Amino acid sequence: MQFSRRMANVRRSYIREILKVTQRPEVISFAGGLPSPDHFPVRGFAEATQAVLDEAGPQALQYSTTEGFPPLREFISRRYREKWGLDIPPEEILITSGSQQGLDLIAKTLLDEGDTVLIERPGYLGAIQCFSMFGVEFSTVDLTPSGPDLEQLALRLEEGARLFYVVPTFQNPSSTAWDLTTRQEAARLLAASNAVLLEDNPYGELRFLGHDMPPVRAFFDDERAVLMGSFSKIVAPGLRLGWIAAKPALMHHLVTAKQASDLHTSTFTQRVLARFLADNDLDAHIALIRKEYGERRDCMVEAIEKHFPVEVTASRPEGGMFLWCELPEGVSASALFEKTIACNVAFVPGRPFYVDGTDNAFRLNFSNSTPERINEGIKRL
C-alpha cells in the first residue's frame, strides 16, 4: 500500500508510546502529562448530564453549529474580559475537540509546505508532531528562565517566520513562565514582523506561586494574535474541549477547516460542560487543584534535592504540571530511560521536544502521583 509523502516525516507520539509501557501497576510513572483524577468533578458532571438530558435531551443529541454552543463561548468570552480585560466577543471563539485540534486547524488554515514555523526550544512535542504533517521548516529560539532569548527572537523574526507558536505560562516541557518584560518586548517584536502569534495557554490557571501573568495578546491586539485554551487541565481531559480565539478574517477560514474536519465538536459534551460551569464555581475548583499540585511539586523538588546528583539540574516551577531536568553534557536521557524503566520508574526523555536531536534532558510530571510514589520514584531514578 502506498501512503502519502507527509507521513514519512511524522513520528508517532513518543509519550503515547511510553504510556503503553507504564500501564503496569508496579511502574511509577512521571511520564504522562496527566492531571490528577483525584479531583475530577464526577458528581458535578453526573448532575449536569442529567439536567441536560432532562431539559434539552433532543437538542443535546442533535447536530449543531460548527462554531460551538453559544453559552459556552459566552463563558469563555466573559472570563477573558473579567480576568485579563481582553475584549474577545463570543463570535471570535471557536470550540474545538481539544487544543490538539486547534493546532491542526491553524496549520491547515495558515501553513503551506516549506513555510517556517518558529517554536520555543525545547518545544511542545504535540505541536512539533502536528506541524510536521504539513511539511514545514522549523526554526527555534532558546528558552531562558524568563522566557525566549529576545536577541534570538528578534533575529529569527527578521529571518522570516509564518507562525510563532508559544506556551508562555508553565510551558510543556520546560515549565518556563515568561516574565512581564519578556511578554511586552516579544509583543513589540511581533508587531514589527509579519509572523502570526499562536499563543497556547493550557496551564496558565495552574499557578501556585508568584503572580498571574497576562497573555502576550494583551500587548499585541492584532489580527495576527491568536489564542488557544483548553478545559483539559482545569476541568477534565476526557471532555476533549478546547477553543481558538481569533479575529473575524481568520475565524472565517477556521470554521471552514473545522467543517471539513468534523462538522462540529460534540454537542452533548459542550452542553454538559456549559451546565456544569453554570452550576459550579470554577475558580473554587481550580483553587483546589492548585493547592494539591503545589504540594506535589514541593514534594518532588525536595526529593530531587535529597536524591539526585548535584550535576543534574531541575527546574522549580511556579505552576503547571512538570519539572524539567538537564543532565551533564554527553549523558543521554534516552539511555537513562532504558535503565530506569527496568527499575519500574518512567519519565519522558527530552529528545522529542527538540527538532535537532538534543538528548541530555528529561521531563517529570508531578500532578498525577501521590507524595509516597513521588518520593519512591525519585529515589529509584
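Me: Contact means heavy atoms within 4.5 Å. This is a predicted model, in which local features need pLDDT of at least 70 and side-chain atom pairs count only at pLDDT 80 or more, while totals for chains, interfaces and linings use all residues. Residues are numbered from 1 along each chain as its sequence is written, and side-chain values use heavy atoms, with hydrogens and water left out. Which helix do the buried residues of α2 pack against?

Reply: Helices (H or I, at least four residues) and strands (E, at least two) are DSSP runs, numbered from the N terminus. Buried means under 20% relative accessible area, exposed over 50%, partly exposed in between (1.4 Å probe, protein chains only). In α2 the buried residues include Phe45, Ala48 and Val52. They pack against residues 267-279, helix α9.

Me: At which residue does α2 bend?

Reply: Helix α2 covers residues 42-60, and its end C-alpha atoms are only 20 Å apart, short of the 27 Å of a straight helix. That expected span is 1.5 Å times one less than the number of residues. A bend is the angle between axes fitted to the seven residues ending at a residue and the seven starting there. Here the bend is about 70°, with Pro58 following within four residues, and its site is Asp54.

Me: Which strands are the edge strands of the sheet?

Reply: Two strands pair if DSSP finds at least two bridges between them. The open sheet has 8 strands, with mixed pairing, in the order β2-β9-β8-β7-β6-β3-β4-β5. An edge strand pairs on one side only, which is the case for β2 (93-96) and β5 (147-148).

Me: What angle does the direction of helix α6 make with that of β4?

Reply: Helix α6 (residues 150-159) packs on the sheet and touches β3, β4, β5 and β6. Axes are lines fitted to C-alpha atoms, for helices over the stretch in contact, and angles run from 0 to 180 degrees between N-to-C directions. For α6 and β4 the angle is about 160°.

Me: How many residues of strand β7 are buried?

Reply: Val196, Leu198 and Asp200 point one way from β7, and Leu197 and Glu199 the other way. Burial on this scale means that β7 is largely enclosed by the rest of the structure. The count is 5 of the 5.

Me: In β7, which residue is the bridge partner of Leu163?

Reply: β6 and β7 pair in the parallel sense over 4 bridges. Leu163 of β6 is also the bridge partner of Val117. Its partner in β7 is Val196.
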